[in-house]
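Biologist: I should like a close look at a single part of this model. Please treat its geometry and its surroundings in one connected account.

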Amino acid sequence: CVQNRMSINVESVFHQIVLGLDYIHSRGFIHRDLSAKNILVSDGLVKITDFGLSCSVPALDRLSHCVQNIWFRAPEIVLRRDYDKKIDIWSLGCVFIFMITGLPMFLIDQQSTDIEILKEHVRVLGWPTPRIADALRSTGIGNTGSGCFDKLYEKHWNHFEDEFWSE
């Protein structure tokens with residue numbers, strides 16, 4: 001997808017990915033690994049591939065959080081929260097940015113920790129709403145026993161309030 005991004009119609013390719021993802025979801029499945037490497041384009045035809053991590057929606061009670069490529073990973077996965085097909089939508093947005101720029105939306109590497117991933121999400125998207133901040137606190141991510149996340153959040157919240165990640 002990326003190697004030939006200049007020779008493809010991005011709008012058409014993205015539209016086909018959306019239709020394919022809608023089909024997958026309408027059949028009761030979550031892909032859980034949607035990424036640029038799992039999108040094949042040939043002669044203008046798009047195929048979503050690699051269903052090795054996909055699952056059916058009834059399996060939601062036993063979902064793993066060891067899913068999604070790190071560049072396309074949804075916050076629910078990083079936070080180890082319950083999730084649904086919306087994680088594929090997050091990945092879809094990341095794929096779109098990758099298709100246009102040839103670069104991942106978030107500058108993280110394969111060894112990044114959960115807190116590093118979250119910091120990068122905040123750097124790119126801004127500070128979360130109070131509801132999302134409460135979810136972050138409840139996971140314990142970012143807390144080193146000294147209230148690290150709370151201190152950062154309170155120090156910077158006034159600068160970003162409701163501009164980003166609105167509910």
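Which residues of α3 are buried?

Modeller: The model is a predicted one, and the account below should be read as a description of that prediction. In helix α3, the buried residues are Ile87, Asp88, Ser91, Leu92, Cys94, Val95, Phe98 and Met99. The spacing in such a list may be read against a general property of helices. An α-helix has 3.6 residues a turn, so residues three or four places apart point the same way. The cover over the buried residues of α3 includes α1, β1 (29-30) and α2 (75-78).

The helix itself comprises 16 residues. From its first C-alpha to its last, α3 reaches 23 Å, which is close to the 22 Å expected at 1.5 Å a residue. After α3 comes Gly102, which has a positive phi near 80°.

Among the elements that cover α3, helix α1 can be described in detail. Helix α1 (residues 10-26) packs with helix α3 (residues 86-101) at an angle of about 165°, and their axes are 11 Å apart. Because angles over 145 degrees count as roughly antiparallel, α1 is roughly antiparallel to α3. The crossing in which α1 passes α3 is right-handed. On the α1 side, the contact is formed by Val10, Val13, Phe14, Ile17, Val18, Leu21 and His25. These meet Asp88, Ile89, Leu92, Val95, Phe96, Met99 and Ile100 in α3. By class, the residues of this contact divide into twelve nonpolar, one polar and one charged. Asp88, Leu92, Val95 and Met99 appear among the buried residues of α3 and also take part in the contact with α1.

A further contact of α3 involves the loop between α3 and α4 (114-125), where Phe106 lies. Phe106 is buried, with a relative accessible area of 1%. Not counting residues up to four places away in sequence, Phe106 touches Trp71, Trp90, Cys94, Glu120, His121, Val124 and Leu125. One of these, Cys94, is also listed among the buried residues of α3. Phe106 and Phe72 are 34 residues apart in sequence, yet their C-alpha atoms are 8.3 Å apart in space.

Finally, β1, which is included in the cover of α3, leads to a backbone feature. Arg32 is placed in the loop between β1 and β2 (39-42). Although Arg32 is not a glycine, its phi is positive, at about 70°. Arg32 is buried, with a relative accessible area of 9%.

Key:
Residues numbered from 1 in each chain as written. Predicted model: local features only at pLDDT ≥ 70, side-chain atom pairs only at ≥ 80, totals over all residues. Heavy atoms only, no water. Axes fitted to C-alpha atoms, helices over the stretch in contact; angles between N-to-C directions. Helix = DSSP H or I, 4+ residues; strand = E, 2+ residues; numbered from the N terminus. Parallel < 35°, antiparallel > 145°, perpendicular 65-115°, else oblique. Left-handed = near helix turned anticlockwise from the far one by under 90°. Contact = heavy atoms within 4.5 Å. Nonpolar A, V, L, I, M, F, W, Y, C, P; charged D, E, K, R; others polar. Expected span 1.5 Å × (residues − 1). Buried < 20%, exposed > 50% of the residue type's maximum accessible area, 1.4 Å probe, protein only.
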